[in-house]
Amino acid sequence: MSTTTSADEPDARPVTPHDAPHVADSHELIRVHGARENNLKDVGIEIPKRRLTVFTGVSGSGKTSLVFNTIAAESQRMINETYSTFVQGFMPAQARPDVDVLEGLTTAIIVDQQRMGADPRSTVGTATDAHAMLRILFSRLGRPHIGSPQAFSFNVASISGGGAVKYERGGKTVKERRSFTITGGMCPRCEGRGTVSDIDLTELYDADKSLNEGALKIPGYSMDGWYGRIFRGCGYFDPDKPIRKYTKKELDDLLHREPTKIKVDGINLTYEGLIPRIQKSMLSKDVDSLQPHVRAFVTRATTFTVCPDCDGTRLTEAARSSKIDGISIADACAMQISDLAAWVRGLDEPSVAPLLAKLAHTLDSFVEIGLGYLSLERPSGTLSGGEAQRVKMIRHLGSSLTDVTYVFDEPTIGLHPHDIQRMNGLLLRLRDKGNTVLVVEHKPEAIAIADHVVDLGPGAGTNGGTVCFEGTVEGLRASGTVTGRHLDDRAALKKAVREPTGKLEIRGASTHNLQDVDVDIPLGVLTVVTGVAGSGKSSLVHGSIPAGAGVVAIDQGAIRGSRRSNPATYTGLLDPIRKAFAKANGVKPALFSANSEGACPACNGAGVVYTDLAMMAGVAVTCEECEGRRFQEAVLDYRLGGRNIAEVLAMPVAEAEEFFGDGEARLPAAHKILRRLADVGLGYLGIGQPLTTLSGGERQRLKLATHMGEDGGVYVLDEPTAGLHLADVEQLLGLLDRLVDAGKSVIVIEHHQAVMAHADWIIDLGPGAGHDGGRVVFEGTPADLVAARSTLTGEHLAAYVGG
């Protein structure tokens, strides 16, 4: 701070200019120096606060490592440390990111694309507090009055009980009988799930065989292990008798018997019928979390039907009988949110005015963010990644917090160009309230609104991790980086489109909001199904195309994998490699798995030793015995083509493709998988790199490469450009072309204009979302769509191609 004194007046006091900045206002930057998380190479940047900064770069260049794993992770870790040790014990422990200096951090609020949990009792309403407010509203205004807010909750069961209680009063022990009741809203038949499961007994056992002949078809239920000992020793039925000949009592014991203590060969065991046992071990779990063979069994053996008692509303009859203006809470939750918001605003009840105002604001936020087409009863597990991220945004839109850092991971995913403009407005509003907004993004329309841009690269994986450009959007355009060169790229319309070889007829489609749609999807060409978010694209494609023989559907579901999973295990690449090593060295294949016999005994094949420090972040230290290679020393002596198994797993896909392509290590089965990985642009990825370190775009392409190996004539892809840089989209289009040229039919649900322009045929749904959509508003070639400009998609595509 500058001060001045007069030279000829020695006793003059220092003069402080009023316009000099306060020292507290000098912390205007978030400074990062020496960031080395994942593939970052000593990155150093300065991010302006209270501005919108967009991070760009090809998929796998290090954007997520810098924004989420360094800046946001350190902010959250430091906030967690302000809590008491007791509270920290209940919170996830976070390690300090690998970075030298992080200054100027503010509280970080992360709004990511992680899918919401697929818990059957989690809905859009319960995830956003809208349902809680509705329950309070109905408990106050609903007629007849049936009880407190929990009487309208499908997560609270009605229970009652009673008994004698003892207590001291006036020096005497007094006994009294007490009873209690809790009125909940949970439907007792389906337990608040809305569906009931029915089990196909023919998938549980072969009735013509006896248990000893292997009648059971349930995965893991063999007669060789514990189950065999229990079934033979329980005495409830003859294990040598065909199940078809069982008496009614024997069949009931086999299928339904409650847990019963039995003694077999002097050992205490518990016998339980097949159906309650598989309900606990398989049916009560999230289907996607099960192993593939168990998931396939559950899909075959169970059918889920709408609960006949509550008609899918999850609520008791009492909860459905209480109404406000003729509307029950079940009716309210089934309404489209935009309609529900109008209904709430129409309620005039001064006694609950603050509640109505808050509920109306929450519902209006749904509409404002482009989710007005959802309903509160929609299970949260069915939301796409983009929808889940926007649902999480809702609680922040009306927040009075300022000077916090909002971190977004591609908020435009799943949005039509028309909806992206609305999202841009919301991001700018958050910034204008005095917040720092950090956005990882690929779409040019979203990059254009940035105050500051950080471009990472130049490549992906080991070829990325450096800052290629930092500055304004205009500076990025002129920078010559990969992002700068592609920022103004506009795909041209095809001069000639392919002729279809057939058609897939869809008649009377009415899934979700589809309004009796009749449409022919051409085969043998690249077809793009588009339309605004919520117009019915996924309902048409996933709900109407039979997922039977010849149809390979690749959805947006997340890849599940632990730090022991890697591209080699996920794609099935490791199996032929292990067998080739075993054959070349005359040993067992299990030795060449870090999850089996070949694992280093010190770290159990993890490559690192984890030390759990209770509420503090655990410490991971590279294993001293195997030096991070994960295998026993003896296993590393076995070689194939001059390389050991650890050296092979350390190879990038491109090098491994060459290694297994010819020479001594020639392995066609492995080479085929590696070529597919290279085709989707993952040539730089290490085949032994943990899945947990892959970016969203890399996981999407890994999934695509895996499914490309399946036999099928029709490929259905759901937004394959999610997480892809503009340069990666070109490579994806080349891949789609190769699939079509090989005789496949490719159907893509997509909003990216480059993919639309490249299509042979476009089916546009709309005109709006929810009940305002669900109709085919255009079908034809991209050139016809641009010429007609009859739909929102047509207008945006025309502007994109300069038509």
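The legends below describe close-up views of a predicted model. Residues are numbered from 1 along each chain as its sequence is written, and side-chain values use heavy atoms, with hydrogens and water left out. Local features need pLDDT of at least 70 and side-chain atom pairs count only at pLDDT 80 or more, while totals for chains, interfaces and linings use all residues.

**View 1. Domain division of the protein.** Five domains are listed, with bounds that come from an automatic or database domain assignment. Domain 1 covers 23–115 + 383–486, domain 2 covers 124–172 + 310–369 and domain 3 covers 195–306. Domain 4 is 490–559 + 698–802, and domain 5 is 562–693. Between domain 2 and domain 5, the C-alpha centres are 54 Å apart.

**View 2. Surroundings of Thr56 in strand E3.** The strand spans residues 52–56; strands (E, at least two residues) and helices (H or I, at least four) are DSSP runs, numbered from the N terminus. Thr56 has a relative accessible area of 1% and is therefore buried (under 20%; exposed is over 50% and partly exposed in between, with a 1.4 Å probe and protein chains only). Its side chain makes a polar contact with the side chain of Asp455 at 2.8 Å. A polar contact is a pair of N or O atoms within 3.5 Å; within protein, one must be able to donate a hydrogen and the other to accept it, and residues adjacent in sequence count only if both atoms are side-chain atoms. Beyond neighbours within four places in sequence, the contacts of Thr56 (heavy atoms within 4.5 Å) include Ser61, Lys63, Glu441 and Thr483.

**View 3. Gln753 in helix H26.** The helix runs over residues 753–758. Gln753 counts as buried because its relative accessibility is 6%. The side chains of Gln753 and Glu445 make a polar contact at 3.4 Å. With neighbours within four places in sequence set aside, Gln753 is in contact with Pro417, Glu445, His796, Leu797 and Tyr800.

**View 4. An aromatic cluster with Tyr221 and Tyr227.** The structure holds 14 aromatic pairs (rings of Phe, Tyr and Trp, the last by its six-membered ring, with centres within 6.5 Å; planes under 30 degrees apart are stacked, over 60 edge-to-face and the rest tilted). Tyr221 and Tyr227 are stacked because their ring centres lie 4.2 Å apart and their planes are at 10°. Tyr221 is buried at 7% relative accessibility, whereas Tyr227 is partly exposed at 23%. The cluster also includes Phe231, Tyr236, Phe237, Tyr246 and Tyr271.
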